[in-house]
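Colleague: Before I rely on the labels attached to the aromatic side chains, I would like to go through how they were assigned. Could you show me the model first?

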Amino acid sequence: MLSRATRAIGTRSPLPILQGVLIEVTGKTMRVTGTDLEVTIRTDLEVEVLEEGTTVIPARLASEAVRKLPPGAVVLQAADGEVEITGGGPQFRFRELPADDFPKIAEPDLTGAVEVDGNAFASALSQVAVAASNDDARPILTGVFFESEGGSLRMVATDSYRLAVRDLPSMEAELSGLVPVRALRELKRTVGASTLRVAIGAREATFASDRGTLTARLIEGTFPNYRQLIPESYPNRVTLDRDALLDAVDRASLVAEDHIPVRLMLQEGGVELSVIRQDVGGETEHVPADYAGQEMTIAFNSRYLNDGLSVVDGDEVVLDLMDPLKPGVLRGTGSDDFLYLLMPVRL
Amino acid sequence: MAGAATILHADLDAFYASVEILREPSLRGRPMAVGGGVVLSATYEARRHGVRSGMRLADARARCPGLVVVRGSFGDYVGYSRRVMAVFRRFTPLVEPISIDEAFLEVHGAARLFGPPPEIARKVREAVRTETGLPLSVGVATTKFLAKVASRVAKPDGLIAVAAGTELGFLHRLDVDLLWGVGPVTRERLAGAGIRTVGDLAAVPPAVLAGVLGHHGAAHLHALAWNRDPRPVVTGRRAGSVGAQSTFGRDVGDPAAHRAVLLRLAERVGSRLRAKGRAGRTVTVRVRFADFETVTRQTALPGPTSSTSALYRAGRDLTGAALAEVGRGRGLRLLGISVSHLTRLPDLQMELPLTGAGLADPVLRPGSPEALARSRLDVAVDRAREAFGRDAVSRAALLGTGRRDGPTRDHIPAPEDL
């Protein structure tokens, strides 16, 4: 649980106190809190309490220390400005950080929370999270946008090169807001559980389970109007075996690296996939497919294509296209609740 | 050998003035300045009377009554500059000219032929002196930054080699204004905080320094004070840069005039890049003020570009930032734009037509629909000019800003691109 709270801690935190986790022992529980002020993770554990108290200890050191102790009970004891961590023989001592300096963080607000299937939620999230941006220069794109859409909970992310939209059906709840993808990526490893309670307020999103709570400050600003980006119809449709295409893209990536596009020549009977890298070489292969449309060659960044194929549902995928300079849309056949739209590379 | 002092900064002393002395030897030993309205270069005899580059000639005459003034002859300077650079290249192929009268030389591979770096520096000075007659000062150090500082300290006609391991001892006793980027304003501010030497500066934690200079400036100066400068010497060709600059015959303070010049420069640099099928992601602006203080500002774009609009916007933003930071209302004497880190014009990852706040300027993002539309415009303009001549197409913003009241000299006598 130490390591769970430690996941909220930024590596570049400006304040030394934020390199620590707050440990509060009251009644029968020990609560561990880690924060970088944007994301806060709290975990609770029922413990045998010898004495109540509060302390802040260096997060990474302490969590590594506990991990390296032999299996069995661990005893935490604070005295004289130091915290002693013992268990099965070894004894670590760490200097305490001043507990008064630890930021006062409001209790998680679960007003209007909805209960969701934690596994379904996590898997839906992982489908859209790949499309979110990691570029802090455009903060609005570094989040996953939640909104209600026709009885579903919709999650959307885009880094301006691709766009992923996922609907989680049968969710009547009004959840809306732009949640930092960085926080969501920690969800599974921290408070992830089979049942999750989710609340999105005006300022923060809160995710709670029996393992603890994760609170993330919402990204301010208006998410771009993504609906207008999704074409209504496509004259060209190719249907292929997902794993066959994924393997082919994987082989091509060997030569392509990040900046060389993978070319798809679409024709009756299949896709001619190729990559050409000046001064190095290339790769070509044929992937059988059903193709209805005009012959054309379109190129995609191999990583973006790979990301999309990896998260789409089903064994068979559909790639809908208009022309080589317009976005392509990936979907699982017969599946309506996820789409992955990606922009081509202009050759 | 990593960490050894193998970088030379070679800087011709009072270059224009020195050339004039070669042309007219009777000027030797006299206070003399080259220039028209302002002093472009002055002999050390004139400098002793307080004559400085960028000073109005009238002011210079007032300070130095016997001052001889010579009008410059730029064609000659370019010729001398080429000959000096050619001497440098005999000692090492790794020569990075940074202006008409100075260059960095990386000599780590030259030791076998010519001896240790200080010895090479001595030979370079001697060769330049014998073959061209020009005095040259050289600094030798482990970093570009320190080599440049050393050559400044060595002037006139001197040589200072700072051995590896002794850098901080040398650097920390110097005055702060020997650091790149410390002009009169910064010096005043630092002095106000009790910082006079580089050693004082080095001792101040960056966070505290940020309170005096802002974060960017503080981090920059703090790194320099500890001789942290990772930039290698890159040759003109390898560096892959394309640039253009304009000098003005008078001070230009009007922002609209700056923008017109920047647009013209961006057009020129963009069309040259496009003609070569190249694109770059680092844009550098060079700004010279009326008093000849020269600063550069640099930014990295999200992707490589050869677009006139993108270069213009980046140039405009950088110039605006430089003026806001260190302008103090001074007019400009020179503006330059260059693009470096060139690559082949890449296959372009297109972007979705996203709209909304907080998405950065789309023109600066090469794959955005806006940038693509503008690059189609560039292509059309290039074609029209190729077919019908340079004046066939003109940007509306440039109409009426012809050469007469614009730059008086385009393409300064820099032997290499800016």
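Colleague: Why is A:Phe145 called buried?

Modeller: This is a predicted model, in which local features need pLDDT of at least 70 and side-chain atom pairs count only at pLDDT 80 or more, while totals for chains, interfaces and linings use all residues. Residues are numbered from 1 along each chain as its sequence is written, chains are lettered from A and ligands numbered from 1 in the order in which they are written, and side-chain values use heavy atoms, with hydrogens and water left out. Buried means under 20% relative accessible area, exposed over 50% and partly exposed in between, with a 1.4 Å probe and protein chains only; A:Phe145 has 16%, so the residue counts as buried. A:Phe223, with 9%, is buried as well.

Colleague: How many aromatic pairs are there over all chains, and what makes A:Phe145 and A:Phe223 a stacked one?

Modeller: Rings of Phe, Tyr and Trp (its six-membered ring) pair if their centres lie within 6.5 Å, and planes under 30 degrees apart count as stacked, over 60 as edge-to-face and the rest as tilted. The count by this rule is ten over all chains. For A:Phe145 and A:Phe223 the centres are 5.0 Å apart and the planes at 10°, so this pair is stacked.

Colleague: Why is the pair of B:Phe15 and B:Tyr16 called tilted?

Modeller: Their ring centres are 5.7 Å apart and their planes stand at 50°, so the pair is tilted. B:Phe15 is buried at 3% relative accessible area, and B:Tyr16 is buried at 13%.
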